[in-house]
Amino acid sequence: MLLLLSIACASHQPRPTDALDWDLHPELVTGVIRVAPVIVIAELPQAELEDGVGERLDPWLAQGRIERTQELAELPYAYRSAVPGALHQALPNDWDARFMDGKLNMAQQVHLSNALTDPNTSLSQAFSQAAQAMGGDATLFTWVIQAEGSPLTNTHMVGELVWAEGLPVMVDHVSEPYTVRAELGLALVDAHGQVLFRYQDDYAGVLSKEHGLSDLSREFANAAVADIAPHWLGEPVLGPPEVMFAQGH
């Protein structure tokens, strides 16, 4: 896979791949890694409150869809929180660094948002400038280009057991399972503005009452890091992440 893989879809135009800087020695990135606020390009999801034939759902049937939609809206922030753990798991055991909450002002966030959508703006340069302003020894960036969910109760019979994105799922309005597709990215940039890696791809999963937002966001973060790890580290990611990072208030 290329380090930057932009998938064409209805809501955005694919970007050309920028020239990337490589660092095959992640142990050299030590000290404090600032975790920048997630950049959200995706539109805010709207609850789908009609059934498969266009009839308005009764309020008690619609509640599960409202909950799933609220979780889908929080997916970018949950993904941002899960990536440090997934990344830490991929690095050597003697890697000496810690993740801490980072801040971007509004102008910096707008500049990064524009760089992620405007093919005439250098994405690498935008990340470099933001990382040098952030402080710390490196900056971890995350972004969400698209995040969409679809209720399985609109396409399957209630009470049916189906396989969705590799999981057995019972279709009902209490669990209200959604299939979720998201286009996600992550990048690590050192304090000098050198892009150590950058990656973006499409991911799919299931969001339900039993398989909640924390489960889905960890799966997406693990999958994104597992995609980049063979290129950056030369070996796949093994095992679940077990790390937290300090967040400011």
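Biologist: Which elements do the buried residues of H3 pack against?

Modeller: This is a predicted model, so read every value as computed from it. The buried residues of H3 pack against strand E1 (31-35), helix H2 (106-117), strand E4 (138-151), strand E7 (178-190) and strand E8 (195-207).

Biologist: Which residues of H3 are buried?

Modeller: Start with the general idea. An α-helix has 3.6 residues a turn, so residues three or four places apart point the same way. Now the case here. Leu123, Ser124, Ala126, Phe127, Ser128, Ala130, Ala131 and Met134 are buried in H3.

Biologist: What span should the 12 residues of H3 have?

Modeller: Count 1.5 Å a residue. The expected span for H3, residues 123-134, is then 16 Å. The C-alpha atoms at its ends are 16 Å apart, so the two values agree.

Biologist: What caps the N-terminal end of H3?

Modeller: Ser122 does. One of its side-chain oxygens lies 3.1 Å from the backbone nitrogen of Gln125. Past the helix comes Gly135, with a positive phi near 90°.

Biologist: Let me step back. How many helices and strands does the chain have?

Modeller: There are 4 helices and 8 strands. Read from the N terminus, the order is β-β-α-β-α-α-β-β-β-β-β-α.

Biologist: What share of the residues is buried?

Modeller: Of the 249 residues in the chain, 49% are buried. The accessible surface comes to about 12,100 Å². Carbon and sulfur atoms hold 53% of that surface.

Biologist: What share of the contacts joins residues 24 or more positions apart?

Modeller: Take the contacts with a separation of 6 or more. Residues 24 or more positions apart account for 74% of them.

Biologist: Now the interior. Which residues have the most contacts inside the largest nonpolar core?

Modeller: General idea again. In soluble globular proteins, nonpolar side chains tend to be buried together. Here the largest nonpolar core has 42 residues, and Ile33, Leu75, Tyr79 and Phe220 have the most contacts inside it. At least two residues of this core come from each of E1, helix H1 (59-90), strand E3 (97-101), E4, E7, E8 and helix H4 (213-232). Another core, of 18 residues, lies apart from it. Ala115, Leu116, Leu123 and Phe141 are among its members.

Biologist: What does Tyr79 touch?

Modeller: Leave out residues up to four places away in sequence. Tyr79 then touches Thr142, Trp143, Val144, Leu184, Gly185, Leu186, Ser217, Phe220, Ala221 and Ala224.

Biologist: On to strands. Which side chains of E5 are buried?

Modeller: In a regular strand the side chains alternate between the two faces of the sheet. E5 covers residues 161-164 and shows this alternation. Val162 and Ala164 point to one face and are buried. Leu161 and Trp163 point to the other face and are not buried.

Biologist: In what sense do E5 and E6 pair?

Modeller: Antiparallel, over 4 bridges, with E6 at residues 167-170. Leu161 has Met170 as its bridge partner. Val162 has Val169.

Biologist: What sits between the two strands of this hairpin?

Modeller: The hairpin has 2 residues between its strands. Look at Glu165, in the loop between E5 and E6. Its phi is positive, about 50°, although Glu165 is not a glycine. At 36% relative accessibility, Glu165 counts as partly exposed.

Biologist: Where is Glu176, and is it buried or exposed?

Modeller: Glu176 is in the loop between E6 and E7. Glu176 counts as buried because its relative accessibility is 0%, and buried means under 20%. Glu176 also has a positive phi, about 40°, although it is not a glycine.

Biologist: How far apart are Glu67 and Glu176?

Modeller: Use two rulers. In sequence, Glu67 and Glu176 are 109 residues apart. In space, they are 8.9 Å apart, C-alpha to C-alpha. Glu67 is in helix H1, and it is partly exposed, with a relative accessible area of 31%.

Biologist: One more glutamate. What does the side chain of Glu183 make a polar contact with?

Modeller: The partner is the side chain of Gln200, at 2.8 Å. Glu183 is in strand E7. At 2% relative accessibility, Glu183 counts as buried.

Technical notes: Residues numbered from 1 in each chain as written. Predicted model: local features only at pLDDT ≥ 70, side-chain atom pairs only at ≥ 80, totals over all residues. Heavy atoms only, no water. Buried < 20%, exposed > 50% of the residue type's maximum accessible area, 1.4 Å probe, protein only. Pairing = 2+ DSSP bridges. Expected span 1.5 Å × (residues − 1). Contact = heavy atoms within 4.5 Å. Polar contact = N/O pair within 3.5 Å; in protein donor to acceptor, adjacent residues only side chain to side chain. Core = buried A, V, L, I, M, F, W, Y, C linked by side-chain atoms within 4.5 Å. Areas by Shrake-Rupley, 256 points an atom, 1.4 Å probe, with all protein chains shown as cover.
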